[in-house]
Amino acid sequence: MSAPTATADAAPMNRRQTLEALSGLLLVLFVAMLSGTVVSTALPKIIGALNGSQTQYTWVVTATLLTATATTPIWGKLADLFNKKLLIQVAIVVFLAGSVAAGFAHSAGQLIAARAFQGIGVGGLQALVQVAIAAMIPPRERGRYNGYLGGVMALATVGGPLLGGLIVDTSWLGWRWCFFVGVPVAIIALILLQVTLHLPTARRDNVKIDYLGATLIAAGVSLLLIWISFVDDSFAWLSWQTGAMVGGSVLLLALAVLVESRAAEPVVPLEIVRERTTALAILGSLAVGMAMFGGAVFLGQYFQIGRGYSPTEAGLLTIPMMAGVLLSSIVAGRLITASGKIKPYIVAGSVILVAGFALLGTIDHETSLVLVGAAMFIVGVGVGMTMQNLVLAVQNTVALKDIGAASSTVAFFRSLGGTIGVSVLGAVLARQVTDRITHDLAAAGIPTSGGGGSTLNLAALPAPVQHIVRAAYGDATGHIFLISAAIAVVGILAALLLKPVTLRSSLDLPDTARSVAVAADAVDGAPAFDEVSVDVTGPGEPARR
C-alpha cells in the first residue's frame, strides 16, 4: 500500500471559511436527523392510515437504523481514501431518493423498504459530517463547535416532532409531506456544500477497498437485527430459526474479523478498535444509543396513544428533552474547550442519563405531565453531555488519516445500539400491550377478535376499547424506560474507565505530524507540514507521548 499524497486542492481554512463550511455541514446533519424525528409523532397516524401493526410501527424506525448502521463504517473508510466532499454529496443524493420513495409509499411494506434505502444515505451523513468537521477543526477547539452540533440536534429533535404533528394535523398536506419536507432542505445543503466546503484530499495509489469485509459486516449485523426484531413474535427464543439466524450472524461476524485482520485497507481497523479509549467509547456509545433511541422513539406513541394528545401536542410535549440536549451540549462544549478535559463531562452525563430514564420508568397513563417533562429534561441533559463527546474522545486519540474510520466506528456502534434498542424495546412493548389489552378486554366482558385490525388505528375502535388500548400503552411504556435505564448503566462504567486526557490543539497527532514531516524532508528536501499547527507541548493520549 502506497503512502498518501496530500494534494493542494484546498488551502487551510480560516475561521470565516470554517464557519461557512460548518453551516452547510450542520444543515446536512439537520436534514438527516429531521428524517427520523419528523415521523416520530406522525407515525401512529401514518401506520393507522396504512393499516399497519405494532411490529410494522417498530420496523419503520428499525429499517432506517439497520441500513444506516450497516453502511456507516463503509462510508467512514471511504472518507479516508477518497474525496470527503464528494462522498457527502453522494450520501445526500441517496437520502433524497429514499425520502421521495417513502413519500409515495402505498403500504407499510413499501414504506419500510423506502426507509431502508433512505438509511443508506443517513449512514453516510452521520459518519461523514463528523469526519469533515474533524478534518477542519482541532479536538481542543471542537468542544466549542460541539455546542453548534448540540443546537442542531435539539432543533431537529424539537422541530421534527412539531413539524410532523402539524403536517398530519393539516388536512391539505397529509402524512406524505413528512417525507417530502426534507427534500428542499437537502437540496439547499447540497448546493451550499458545493460552494463552501473545501477540504484537501489525500490521494492514494493502488487503493484497495475491502469489499469482502464490508459485505460480511453488513450481512452479519443485518441478520442479527432481523432476528432481534422477530424473535418471541414470529418464532420462539429456543427454535431452529433462532439457532440459524444467531449462529449465522456469529459466523459472518467472525469471518469479518478474520478478513479485517488481514486486509490492507480494513473497513474497521482493528488496531483502532483495540485502543482503550476507542473500545470504551464504543461501549459507552452502544449503551447510550440503545437507551436513547430505544426509549425516546416511543415517547410520541406514549403521548398520542397512551395519553390521547394530537401529534402537534405530542411534539410540543417533547420540548423539555430537547431543551436539555441544547443547554447541556452548549455549556459542556464550551467548558471542554476552556479546560481541555473531557472525561468529567462524559461521566456526569452518563449518570444523569440513567437518572432521567429511571424517573421516566415510573410513568403510566395518568402521570403528571410536569413529572414527565422534568424526567425528559434530565434525559436530554445526559444525552447532550455524552453523545458527541464520546466521538470527540476517540478523534483525539487517532491520526488525521484514520479519522474517518475511527469516527464512523463509534457512530456505527451507537447506531447499532439504537437499532437493537428500538427492536428489543419495541418487541417488549408489543408483547406487554397485547397481554394487557387481552386481559382487560376479557375482564370487561368484551369479546376479542383473533386477528385483523391494528390497535394503532384507534378511530376504528369502539370507545370502551379505545380506553383499554390507551391505558395499556400508557402503562407499558414505563417498563421500556426502566429497561433503558438498566442498559445505560453500562455507559457509566465505560465512562469511569476512560483515561483522563487533555484534548490536543492540533489537527493531527503531534508524533504523526512530526514523522511525516521528517519523511517529506528526506524526500523533497523541504518541510511538508509548514502550514499545519503542531502543538508539541500540548498533551494528547498518554500512551502516545
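Here a biologist asks a modeller how the labels on this predicted model were reached.

Biologist: Let's start broadly: what makes up the chain, and how much of it is buried?

Modeller: Happy to! The chain has 20 helices and 2 strands. Of its 545 residues, 57% are buried. About 21300 Å² is exposed, and carbon and sulfur atoms supply 68% of that area.

Biologist: How do you know which parts of the prediction carry high or low confidence?

Modeller: The pLDDT tells us, on a scale from 0 to 100. Its average over the chain is 77, and 80% of the residues score at least 70. Helix 16 (residues 343-360) has the highest mean, 92, while strand 1 (residues 5-6) has the lowest, 44. Residues 1-10 stay under 50, with 23 contacts beyond four places in sequence. Residues 513-545 are also below 50, and that stretch has 39 contacts beyond near neighbours in sequence. Where pLDDT is low, the predicted coordinates should not be read in detail.

Biologist: Good to know. Why is Gly333 called buried?

Modeller: Buried means under 20% relative accessible area. Gly333 has 2%, so it is called buried. You will find Gly333 in helix 15 (residues 319-339). Its C-alpha atom is 9.2 Å from that of Glu141, although the two are 192 residues apart along the chain.

Biologist: And why is Val331 called partly exposed?

Modeller: Partly exposed covers the range between the buried limit of 20% and the exposed limit of 50%. Val331 has a relative accessible area of 43%, so that is the label it gets. Val331 lies in helix 15 as well.

Biologist: What makes Val331 part of a nonpolar patch?

Modeller: A patch residue needs over 30% relative accessible area and no salt bridge, and nonpolar side chains are joined within 5 Å. Val331 passes the area test because its value is 43%. Val331 forms the patch with Leu327, Leu335 and Phe377, and together they have about 330 Å² of accessible area. Helix 15 gives the largest share, 3 residues. An α-helix has 3.6 residues a turn, so residues three or four places apart point the same way.

Biologist: How do you know that helix 13 is largely enclosed by the rest of the structure?

Modeller: By looking at its residues: 8 of the 8 in helix 13 (residues 299-306) are buried, so the helix is largely enclosed. Among them are Leu299, Tyr302, Phe303 and Ile305. Just after helix 13, Gly308 takes a positive phi of about 85°.

Biologist: Why does Ser415 count as buried?

Modeller: Its relative accessibility is 4%, under the 20% limit, so Ser415 counts as buried. Ser415 lies in helix 18 (residues 403-443). Beyond its neighbours within four places in sequence, Ser415 is in contact with Leu65, Ala68, Thr69 and Gln126. Val288, 127 residues away in sequence, has its C-alpha 9.6 Å from that of Ser415.

Biologist: What makes Asp169 and Lys45 a salt bridge?

Modeller: The nitrogen has to be within 4 Å of a carboxyl oxygen. For Asp169 and Lys45 the N to O distance is 3.3 Å, which meets that limit. The pair links distant parts of the chain: Asp169 is in helix 6 (residues 139-169) and Lys45 in helix 2 (residues 43-49), 124 residues apart. Asp169 counts as partly exposed at 34% relative accessibility, and Lys45 is partly exposed at 41%.

Biologist: How many salt bridges does the structure hold?

Modeller: The structure holds 2. Arg436 and Asp475 also meet in one, at 3.3 Å, N to O. Arg436 lies in helix 18 and Asp475 in helix 19 (residues 463-497), so the pair ties together parts that are 39 residues apart in sequence. Arg436 is partly exposed, with a relative accessible area of 28%.

Biologist: How do you know that Arg115 has no salt bridge?

Modeller: Compare the distance with the 4 Å limit. The nearest side chain of opposite charge to Arg115 is Asp169, and it is 18 Å away. Arg115, in helix 5 (residues 108-136), is buried all the same. Its contacts beyond four places in sequence include Ser35, Val39, Thr67 and Phe179.

Key:
Residues are numbered from 1 along each chain as its sequence is written. Side-chain values use heavy atoms; hydrogens and water are left out. Helices (H or I, at least four residues) and strands (E, at least two) are DSSP runs, numbered from the N terminus. Buried means under 20% relative accessible area, exposed over 50%, partly exposed in between (1.4 Å probe, protein chains only). Contact means heavy atoms within 4.5 Å. Patches are made of residues with over 30% relative accessible area and no salt bridge: like charges are joined within 9 Å, nonpolar side chains (Val, Leu, Ile, Met, Phe, Trp, Tyr) within 5 Å. Accessible areas come from the Shrake-Rupley method with a 1.4 Å probe; for residues, only the protein chains shown count as cover. Lys and Arg count as positive and Asp and Glu as negative; His and the chain ends are not counted.
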